[in-house]
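The following exercises concern a protein model and its ligand. Each task is followed by a solution in steps.

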Amino acid sequence: IVDIKSGPDEGLNRLGDTLAIRGWVRTLRIQSSVTFIEVNDGSCLSNMQCVMSSEAEGYDQVESGVISTGASVWIQGVVVKSQGTKQKVELKIEKLVMVGASDPSFPIQKKRVSREFLRTKAHLRPRTNTFGAVARVRNALAYATHKFFQENGFIWVSSPIITASDCEGAGEQFCVTTLIPSSKEVTDSPVARIPRTEDGSIDWSQDFFGKPAFLTVSGQLNAETYATALSDVYTFGPTFRAENSNTSRHLAEFWMIEPELAFADLEDDMACATAYLQYVVQYVLENCKEDMDFFNTWIEKGIINRLTDVAEKNFVQLTYTDAIKLLLKAKKKFEFPVKWGCDLQSEHERYITEEAFAGCPVIIRDYPKDIKAFYMRENEDGKTVAAMDMLVPRIGELIGGSQREERLEFLENRLDDLKLNKDSYWWYLDLRRYGSVPHSGFGLGFERLVQFATGVDNIRDAIPFPRTPGSAEF
Ligand code: 4AD
Ligand code: MG
């Protein structure tokens, strides 16, 4: 049994061999003398064209009509040169076994269906060309991520999914409560099983953790503990944000890659982010050629050239202050007015990456401290912090990072200024008490990277099962 990947194009050197494949029927064309069955097994974009004559074993399955689009089949045949122009080789069927029939209601017939429609069929959409290709490229990006960091001496650290702290301090967390086991006296409704005090509020003392716990918004604080022991580390795992933004670049559950570099400043951080992005982009260009050609034709024209530029050219770098000057000089009217101290909105990011520096990733650094998280290192000017965001066309912010505040008094003062509870950060402050070092890191939203590398314009199509406001089906 072989993967179809080794068939349609590379099969030429197997002419005359007998092979078996397994997969799902994409199309079936019954003609007077022969039947064409196109089979896909997900190993590649191409289908294996299989040709069946009425003498072949299993032809009764075709005649009786049980083989249709969506059915799973096992086929044995001989590799022959194809008469058609679409593929170089095809399989002349000797024997066909129907593994699982497909009901005529199968919703993904050959005609093109919209991506909106396919989101309502997330369990079947991996059977389409687009979602098969996105899944393979997503896998390649994950593999390349580990490869990049491992080859550069980083150690992968698992950060916890359940946590008591809020790394970003934005309050966009999901709370985890424990449900009392259901019994006869208690109804099965999850809400009724949350432990409560007499006045009806949640009784945290009865809860599993004894206090409120949350799904993590970022693994950074935990990564810092390992970076200040093992030097360079990275996390790669799911993170959660109860951000009520229904946009094409926000998910409630997304994967984040968070490297943390010890003995490193913001320059080192930006250099690492640039080298990482160039490496993974180059990796998919080299290793996912068939899928990338597909995206180039059907999803975003010119994406291969765009990514080739990203892999080879220098990125633009400018300070936040210069970015504001640039926006103020722009002829364009923005919906959100620009002034020093404002957070950059997506319209501003788009202007910078799509018009001011067309097509190229842009790194903006040294943001006002008031719009950034508590852990970022204060610059000499006392007004800005050593933060950096990497922006890319169409998506906006792909990466957010910073040099961390390694000086105990600065960090304590910052927590006080922001009225954050210092006690709950005791272990984080300890890192500044015992052998503190300058260190830096960044977070990259993996689904935004998948969007960037495939051209899919909605983040809901960059993850198998998107979680967004009001939607947690499948
Ligand atoms: O800029 P953010 O909030 O930074 C942090 O969480 C830091 N603790 C990272 C670090 O320094 N270790 O998030 C980092 C990235 C963003 O640039 C964006 O790509 C992605 O995470 N991101 C999201 N992706 C999808 N959906 C969301 N709701 C996202 N929020 C952030
Ligand atoms: Mg950010």
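**Exercise 1. The shell around ligand 1**

Determine which secondary-structure elements each supply at least two residues of the shell around ligand 1 in this predicted model, and characterise that shell.

Solution. Step 1: the elements that each supply at least two residues are β11 (253-262), β15 (396-403), β16 (439-445) and α12 (446-454). Step 2: the largest share, six residues, comes from β15. Step 3: 24 residues surround ligand 1, and the closest are Ser218, Gln220, Gly400, Gly443 and Gly445. Step 4: sorted by class, the shell has eight nonpolar, nine polar and seven charged residues.

**Exercise 2. The environment of α12**

Establish whether helix α12 is enclosed by the rest of the structure or left open.

Solution. Step 1: a residue is buried if 20 or more other C-beta atoms lie within 10 Å of its own. Step 2: by this criterion the buried residues of α12 are Phe446, Glu447, Arg448, Leu449, Val450, Gln451, Phe452, Ala453 and Thr454. Step 3: nine of the nine residues of α12 are thus buried, so α12 is largely enclosed by the rest of the structure. Step 4: for the protein, 37% of the 474 residues count as buried. Step 5: just after α12, glycine 455 takes a positive phi of about 90°.

**Exercise 3. The packing of α10 and α11**

Classify the mutual orientation of α10 and α11 from the angle at which they pack.

Solution. Step 1: two packed helices are described by the angle between their axes and the distance between the axes. Step 2: α10 (residues 408-417) and α11 (residues 426-433) pack at about 155°, with their axes 9 Å apart. Step 3: angles over 145 degrees count as roughly antiparallel. Step 4: α10 and α11 are therefore roughly antiparallel to each other. Step 5: in the contact, Leu408, Leu411 and Glu412 of α10 meet Leu429, Arg432 and Arg433 of α11. Step 6: the residues of this contact divide into three nonpolar, no polar and three charged.

**Exercise 4. An open sheet and a barrel**

Describe the strand order of the open sheet of three strands and of the barrel of five strands.

Solution. Step 1: the open sheet has the order β7-β9-β8, with antiparallel pairing. Step 2: β7 (162-163) and β8 (175-176) stand at its edges, each with a single partner strand, so one side of each is left without a neighbour in the sheet. Step 3: β8 pairs with β9 (residues 213-215) over two bridges, and cysteine 175 has phenylalanine 214 in β9 as its bridge partner. Step 4: the barrel closes in the order β1-β2-β3-β5-β4, with mixed pairing. Step 5: on average, neighbouring strands of the barrel are turned by 55° against each other, direction ignored. Step 6: within the barrel, β2 (residues 34-40) and β3 (residues 48-53) pair in the antiparallel sense over six bridges, and valine 39 stands opposite methionine 48 in β3.

**Exercise 5. Positive phi outside glycine**

Locate serine 231 and aspartate 366, and state the burial of serine 231 and of aspartate 366.

Solution. Step 1: the phi of serine 231 is near 70°, a positive value in a residue other than glycine. Step 2: serine 231 is found in the loop between α4 (220-230) and β10 (233-240). Step 3: with 17 other C-beta atoms within 10 Å, serine 231 is partly exposed. Step 4: aspartate 366 has a positive phi of about 60°, although it is not a glycine. Step 5: aspartate 366 lies in strand β13 (residues 362-368). Step 6: aspartate 366 is buried, with 20 other C-beta atoms within 10 Å.

Key: Residues numbered from 1 in each chain as written. Chains lettered and ligands numbered in written order. Predicted model: local features only at pLDDT ≥ 70, side-chain atom pairs only at ≥ 80, totals over all residues. Buried ≥ 20, exposed ≤ 12 C-beta atoms within 10 Å, placed from the backbone. Near = placed C-beta within 6 Å. Helix = DSSP H or I, 4+ residues; strand = E, 2+ residues; numbered from the N terminus. Nonpolar A, V, L, I, M, F, W, Y, C, P; charged D, E, K, R; others polar. Axes fitted to C-alpha atoms, helices over the stretch in contact; angles between N-to-C directions. Parallel < 35°, antiparallel > 145°, perpendicular 65-115°, else oblique. Contact = placed C-beta atoms within 7 Å. Pairing = 2+ DSSP bridges.
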